[in-house]
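Reader: Please take me through one part of this model at close range. I would like to see the place where the two chains meet, and the helices that meet there.

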Amino acid sequence: MAGAVSSLGRRGARINDAISEPFWVRWTLISVALVFLALFLVLPLIVVFKEAFSRGASVYFAALTEPDAWHAIKLTLLAAAISVPLNMVFGLSAAWAITKFQFRGKQAMITLIDLPFAVSPVVAGLIYVLLFGAQGWLGPWLAESNIRIIFAVPGIVLATIFVTFPFIARELIPLMEEQGTSYEEASLTLGASGWQTFWRVTLPSIKWGLLYGIILCNARAMGEFGAVSVVSGHIRGQTNTLPLHIEILYNEYQFAASFAAASLLAGLALVTLVVKSLLEWLHVRDREKAVRAALQQT
Amino acid sequence: MPSIRKPSVIPGFGLSLGFASFYASLIVFIPLAALFAKAFTLTWDEFWRTALDPQAVASYKLSLGAAFIGAGVNLIFGFIVAWVLVRYHFFGKKVVDALVDLPFALPTAVAGIALTALYAPQGWLGQWLSPLGIKVAYAPLGVVVALTFIGLPFVVRTVQPVLEELEREIEEAAASLGASRWHTFRKILLPAVLPALLTGFALSFARGVGEYGSVVFISGNMPFKTEITPLLIVTKLEQYNYAGAAALAVVLLGFSFVLLLLINMLQYWSSKRTGG
């Protein structure tokens, strides 16, 4: 987002011949970039929709309305509905502690937040199997208490939380760091309570960044494959999320149905990109407004 | 907790740090500790025998090698994409800019089956490549293609802001002193973006090493040939060889931590450079 902001001031600048490249170099570079992106980004996207409708619209809609697909969609939505809000509360409290206070162990906390990005999704699933699986550390106790985590919905939710853990915190920390603490201190000095300050001062100023983190977190939560695959057990109609449903259909050579399910997630990805661009635009607009207001006052 | 923090009028330190630490330990710290505990139920000898088993070593070579080549492709083309997006104006630039993030937003399983459909021998691209004797799907090259896709946004998104903040005045000065455009690029622009380029490369590389979803469809998963390390972990898990899976996971984490350390060093270098 910082990039989008800083490019604004230069929008009007004319390209100076002395510090730009010859016409043919410019167009060669643009062509190379566009061909590369077309090959790696646009073609895969087109092929998903083309394959999904390869056997007609009726097959497409039949694939999406059959009970197993429907169940997979519901489970995917459920996993996202649990993991995103939890990670949001975590992101807000971690960012609050890290950006509003100076304390020992702060750097360790920041590293810990980044950790899930460095862990392979498969390892993310594995750690919960080792903890909660039948052979795991807590396995015997869970079996006695009749609680199922692995090969059941709680495991899927846990794995999803793990892989989407850093998204919102990572988005909020630089943003709140940049804003500092002066507005909060002013609000508190004027007699507002801590919660009032949070709701009326902090939250409005970070709302676009927060939403940005939420949609990225949600996209990953609904699309996670590796981690969920390890803990799910692939039980149809019970522990299959949409990405796992795609895999099962694909391995059974039901390509049209598999790509039909994939087209839903590809659609989600496109919506995510549109909303993301919109939020960046809103963020920049609010900044400009604030700068203009500040300039008028002086 | 007055002893570990500097005094402040802002409330909520105990609550926010308390909840964040509790949640982070529950979700990340304790489960990761369980992994190490499991791996070290093996004796030292058993651990190394599992970790250095020929099939495992072949998988490290593929995972690291393919991720390295994929990150290299992204280093070159990602730089060109970032350059074009920052410096030039062309129709549809905003859409192209937004599309760069597609690999972050598109689920890996979808990317996997889409790339396989494209590069399979009868696919849109595969039908042109297979007569030339180039096999992409179900071959190591397919793994490279998948990891290139997955890592594509990293180089673009780390280089883009650095290019935007570069002072055009320095280039003007170089031009007025008689430097050619290519000379200015090599001596002034490239050194300035080098830390960001390397950071993007390392991020792309790190992401590729652990990647699973997009690779399993296109690789064909043949042991010793197209089997990546994360897949080998899944195989061990399906054979109920938990300690073996944990040992390989520890090796994979080791690779990731080294890369993470490298990235942090690069970012430190980069911030020192832009700061000074």
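Author: Here is the contact between the chains, followed by the helices and the chains around it.

This is a predicted model, in which local features need pLDDT of at least 70, side-chain atom pairs count only at pLDDT 80 or more, and totals for chains, interfaces and linings use all residues. Residues are numbered from 1 along each chain as its sequence is written, while chains are lettered from A and ligands numbered from 1 in the order in which they are written.

Start with one helix pair. Helix α6 of chain A covers residues 121-132, and helix α1 of chain B covers residues 13-39. Helices here are DSSP runs (H or I, at least four residues), strands are runs of E of at least two, and both are numbered from the N terminus. The two helices pack at an angle of about 75 degrees, and their axes are 8 Å apart. Axes are lines fitted to C-alpha atoms, for helices over the stretch in contact, and angles run from 0 to 180 degrees between N-to-C directions. The angle therefore makes α6(A) roughly perpendicular to α1(B). That term covers 65 to 115 degrees; under 35 is roughly parallel, over 145 roughly antiparallel, and the rest oblique.

Which residues meet? From α6(A) come A:Leu126, A:Ile127, A:Tyr128, A:Leu130 and A:Leu131. From α1(B) come B:Pro31, B:Leu32, B:Ala34, B:Leu35 and B:Lys38. Contact means C-beta atoms, placed from the backbone, within 7 Å. By class, this contact of α6(A) with α1(B) has 9 nonpolar, no polar and 1 charged residues. Nonpolar means Ala, Val, Leu, Ile, Met, Phe, Trp, Tyr, Cys and Pro; charged means Asp, Glu, Lys and Arg; the others, Gly among them, are polar.

Now α1(B) itself. It has 27 residues and reaches 37 Å from its first C-alpha to its last, close to the 39 Å expected at 1.5 Å a residue. The expected span is 1.5 Å times one less than the number of residues. A kink of about 50 degrees is centred on B:Ser25. The bend at a residue is the angle between axes fitted to the seven residues ending there and the seven starting there.

Step back to the whole contact. Chain A gives 76 residues and chain B gives 78. Helix α2 of chain A (residues 23-52) supplies the largest share of the chain A side, 14 residues. That side has 52 nonpolar, 15 polar and 9 charged residues.

Last, the chains. Chain A has 14 helices and 0 strands, and its C-alpha atoms fill a box of roughly 65 × 60 × 30 Å along the principal axes. Chain B has 13 helices and 0 strands, with a C-alpha trace that spans about 70 × 70 × 35 Å along its principal axes.

Key: Two residues are in contact if their C-beta atoms, placed from the backbone, lie within 7 Å.
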